[in-house]
Amino acid sequence: MINMKAALKWALQDKNVHTAIPGFSSYNEIIESLSIMKNLTLTPKEKEDLKIGDEKGYLGLYCQQCGKCISQCKWNIDIPTIMRSYMYAYGYKNPFKARETIEQVNFSHIGCNDCAVCTINCTMGFDVKEKVLDIIRIKEIPNEFLV
Ligand code: SF4
Ligand code: SF4
């Protein structure tokens, strides 16, 4: 899980950033996000949490939505939308939002299983094939298990 308080503080400490627009899926998340306005100073634990990605060599979950992958894909899959779905599932822990997002993708067949090698050179260094095949499984889960 991303330490959202630490991430918000980090963003708002940038002198060029005056506003953040976080998304909420619960009342507690609103309270948590608003609480940082009392004090933007990062605690030692928050500083540590912000380093986890670098220390463990994580590529992160954030897709830049640059769209450069689409023309590289043999099946022209809407990969940016699928990557958003992946981020909602694993970063936000919000499988319902992940499912809702992936349903925007117009596909009857995902060709990843037919590609011996994925041809995509992602801006963020993602293993796109692995992520696509992982998150599309959510389409098979009935809605009542996701609410
Ligand atoms: S190239 Fe990578 S970062 Fe850019 S839209 Fe595609 S998946 Fe996202
Ligand atoms: S493996 Fe999937 S994402 Fe990669 S080129 Fe093939 S269809 Fe596109």
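How many residues apart in helix 4 are Y86 and Y90, and about how many helical turns separate them? The two tyrosines are 4 residues apart in helix 4, so about one helical turn lies between them. This pair and the other sites described below are taken from a predicted model.

**View 1. Overall layout of the chain.** The predicted chain has 147 residues, of which buried residues make up 32%, and its secondary structure comes to 6 helices and 0 strands. Read along the sequence, these elements give the pattern α-α-α-α-α-α. The domain assignment divides the chain into domain 1 (4–56) and domain 2 (70–145), and the centres of domain 1 and domain 2, taken over C-alpha atoms, are separated by 27 Å. Along the principal axes, the C-alpha atoms of the chain fill a box of roughly 50 × 35 × 25 Å.

**View 2. The tyrosine pairs, beginning with Y86 and Y90 in helix 4.** The model contains 2 aromatic pairs. In one of them, the rings of Y86 and Y90 have centres 4.6 Å apart and planes at 40°, so the pair is classed as tilted, an angle of 30 to 60 degrees being neither stacked nor edge-to-face. Y86 is buried, with a relative accessible area of 11%, whereas Y90 counts as partly exposed at 33% relative accessibility. The rings of Y88 and Y92 form an edge-to-face pair, because their planes stand at 85° and their centres lie 5.2 Å apart. Within this pair, Y88 is buried, with a relative accessible area of 12%, while Y92, at 41% relative accessibility, counts as partly exposed.

**View 3. The largest pocket, between the two domains.** About 1,700 Å³ of space lies in the largest pocket, which is lined by 35 residues, those closest to its centre being I2, N3, M4, A7 and Y62. Two or more lining residues come from each of helix 1 (4–12), helix 2 (27–35), helix 3 (44–56) and helix 4 (79–90), and helix 1 gives the most, with 6 residues. Because domain 1 (4–56) and domain 2 (70–145) both give residues to the lining, the largest pocket lies between them. By class, the lining of this pocket divides into 22 nonpolar, 8 polar and 5 charged residues.

**View 4. The surroundings of ligand 1.** Ligand 1 is surrounded by residues that include the cysteines C63, C66, C69 and C122. The shell around ligand 1 also takes in Q64, Q65 and G67, together with I79, P80 and M83, and it is completed by T123 and M124. Sorted by class, this shell has 8 nonpolar, 4 polar and no charged residues.

**View 5. The surroundings of ligand 2.** Around ligand 2 there are 13 residues, and the closest of them are C73, W75, C112, C115 and C118. The shell around ligand 2 comprises 9 nonpolar, 2 polar and 2 charged residues, whereas the shell around ligand 1 has no charged residues.

Notes:
Residues numbered from 1 in each chain as written. Chains lettered and ligands numbered in written order. Predicted model: local features only at pLDDT ≥ 70, side-chain atom pairs only at ≥ 80, totals over all residues. Heavy atoms only, no water. 1 Å grid on protein atoms, 1.4 Å probe; cavity = no way out; pocket = protein on both sides within 12 Å on 5 of 7 lines; lining within 4 Å. Points joined across faces, edges and corners; volume = space filled by probe spheres on them. Nonpolar A, V, L, I, M, F, W, Y, C, P; charged D, E, K, R; others polar. Domains from an automatic or database assignment. Near = heavy atom within 4 Å. Phe/Tyr/Trp six-rings, centres within 6.5 Å; stacked < 30°, edge-to-face > 60°. Buried < 20%, exposed > 50% of the residue type's maximum accessible area, 1.4 Å probe, protein only.
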